[in-house]
Amino acid sequence: MHEPAVAIRSLAVDYGRQRALDGLDLEVPSSGVFGLLGRNGAGKTTTIRAIAGLVKPAAGTVSVLGTDPASDPSVRKLLSILLSDDGLVAGISVRENLVCWALVNGCTIRQARPLAGEALRRVSSPPPGGKLVRDLSTGARRTVALARSFMLDRPLVILDEPTASLDPVASAECRDLIRHLSADRPVLLSTHNLSEAAELCRQVAIIHLGKVVFDGPPIPHDQVGAYLVKVEDGRLSWEGRPLAADETGQFTVTTQMPPADALSALVASGARVTEFKPLRRSLSDVFLELAG
Ligand code: ATP
């Protein structure tokens, strides 16, 4: 097993008298895109700040590849963080932005130029390197910011709502780019877009009121979480407990069993099933249930 990229245990963070994180546990694996979900004010940004060592925990621990961000500023060298304010300089070209970024992060000019060229080559349709950033569309600018996020050899990339305010085509292009660029390192992706999380992430965590309330694979849209069932005599038990029918005489049987197993279990319990309909459960259902 690889060491997780980030391991957070029982983390509490306060802003004055306001408790923002309240016993948060989280593990970001060493590969793949990990989604951080939650309503406004849930604690996503504070979690990112704790990973970057920008807030001091009131309790608990954070480890970024074995480094404690609260006490070791060298953690910054492990991270590449893209915030909603991308920090690109509007008055210089795309290529100059990338070269400057490499220079301020300790590269020499001889290292910086090829790194910038390579970063642009990794993007399938990059904006021209000589174009001024101020002349780019919002989508093209995001492409440059993403290329820059993966340009340096940082072992963990953090993207904070990278597709916010993009049109559907530009969003899809950015998702393709994130998928492509994340092949060689772990990415922590904070997003409000649940279908984006389901599409990109191997695992997600839902934060609610400063705690993780769900942690696991984003539930595929076709996973069944319950079944609507009708029976001949209008009486049904599940796992030994009688269920109440709704006003149309239907029962809801909640289970993660696949359809064939659920139907077999119903029949084996003596139910004479006349109707059986799987109810699909999406990540959005889970989100609304736990954080709605
Ligand atoms: P959003 O999706 O809106 O960005 P978030 O999930 O990133 O929200 P945080 O910004 O981490 O949430 O905020 C967590 C809690 O901490 C909220 O209740 C917020 O009001 C509070 N908070 C965040 N920053 C500060 C601050 N600088 N001072 C005081 N309270 C803060």
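This report walks through a predicted model of one protein chain with a bound ligand, from its overall make-up to its sheets, its ligand shell and two residues with uncommon backbone angles.

## Overall make-up

The chain contains eight helices and 14 strands, and its C-alpha atoms fill a box of roughly 80 × 45 × 35 Å when the box is taken along the principal axes. Of the 292 residues of the chain, 45% count as buried.

## The six-stranded sheet

Six strands form an open sheet whose order is S5-S6-S7-S3-S8-S9, and the pairing within this sheet is mixed. Strand S5, which covers residues 79-82, and strand S9, which covers residues 211-216, stand at the edges with a single partner strand each, so one side of each is left without a neighbour in the sheet. From one strand to the next, the twist averages 15°.

The mixed character of the pairing can be followed strand by strand. Strand S3 is joined to strand S7 (residues 187-190) by four bridges, and these two strands run parallel; within this pair, Gly35 stands opposite Leu189 of S7. S3 also pairs with strand S8 (residues 203-208), again in the parallel sense, over five bridges, and here Phe34 has Gln203 of S8 as its bridge partner. The pairing of S8 with S9, by contrast, is antiparallel and extends over five bridges, with Lys211 in S9 serving as the bridge partner of His208.

## Strand S3 and its surroundings

How many residues of strand S3 are buried? Six of the six residues in this strand, which spans residues 33-38, are buried, so S3 is largely enclosed by the rest of the structure. In a regular strand, side chains alternate between the two faces of the sheet, and the two faces of S3 can be considered separately in this light. On one side lie Val33, Gly35 and Leu37, on the other lie Phe34, Leu36 and Gly38, and all of these residues are buried, which leaves both faces of the strand covered.

Two of these residues also appear in the pairing described above: Gly35, which is buried, is the residue opposite Leu189 in S7, while Phe34, buried on the other side, has its bridge partner Gln203 in S8.

## The three-stranded sheet

A second arrangement to look for is an open sheet of three strands in the order S13-S10-S14, in which the pairing is antiparallel. Its edge strands are strand S13 (251-254) and strand S14 (273-280), each of which pairs on one side only, and the twist from one strand to the next averages 25°.

Strand S10, made up of residues 224-231, pairs with S14 in the antiparallel sense over seven bridges. Within this pair, Leu228 has Lys277 of S14 as its bridge partner.

## The shell around the ligand

Of the 13 residues around the ligand, those that come nearest are Gly41, Gly43, Lys44, Thr45 and Thr46. By class, this shell has three nonpolar, seven polar and three charged residues. Strand S2 (18-28) and helix H1 (44-51) each supply at least two residues of the shell, and H1 gives the most, with four residues.

Which side chains bring a polar atom to an oxygen atom of the ligand? For Thr45, a polar side-chain atom lies 2.5 Å from a ligand oxygen; for Lys44, the corresponding distance is 2.8 Å; and for His192, a polar side-chain atom lies 3.1 Å from an oxygen atom of the ligand. Taken alone, the ligand exposes 630 Å², and the protein buries 62% of that area.

## Two residues with positive phi

Most residues other than glycine have a negative phi, and against that background two residues deserve attention. Ser10, which is not a glycine, has a positive phi near 45°. The place of Ser10 is in strand S1, which covers residues 6-15, and with a relative accessible area of 42% this residue is partly exposed.

Glu161 likewise has a positive phi, of about 45°, although it is not a glycine. Where does Glu161 lie in the chain? Its place is in the loop between strand S6 (156-160) and helix H5 (168-181). At 26% relative accessibility, Glu161 counts as partly exposed, because this value falls between the 20% under which a residue is buried and the 50% over which a residue is exposed.

Definitions and conventions
Residues are numbered from 1 along each chain as its sequence is written. This is a predicted model: local features need pLDDT of at least 70, side-chain atom pairs count only at pLDDT 80 or more; totals for chains, interfaces and linings use all residues. Side-chain values use heavy atoms; hydrogens and water are left out. Buried means under 20% relative accessible area, exposed over 50%, partly exposed in between (1.4 Å probe, protein chains only). Two strands pair if DSSP finds at least two bridges between them. A residue is near a molecule or strand if one of its heavy atoms lies within 4 Å of it. A polar contact is a pair of N or O atoms within 3.5 Å; within protein, one must be able to donate a hydrogen and the other to accept it, and residues adjacent in sequence count only if both atoms are side-chain atoms. Accessible areas come from the Shrake-Rupley method with a 1.4 Å probe; for residues, only the protein chains shown count as cover. Ala, Val, Leu, Ile, Met, Phe, Trp, Tyr, Cys and Pro count as nonpolar, Asp, Glu, Lys and Arg as charged, and the others, Gly among them, as polar. Axes are lines fitted to C-alpha atoms, for helices over the stretch in contact, and angles run from 0 to 180 degrees between N-to-C directions.
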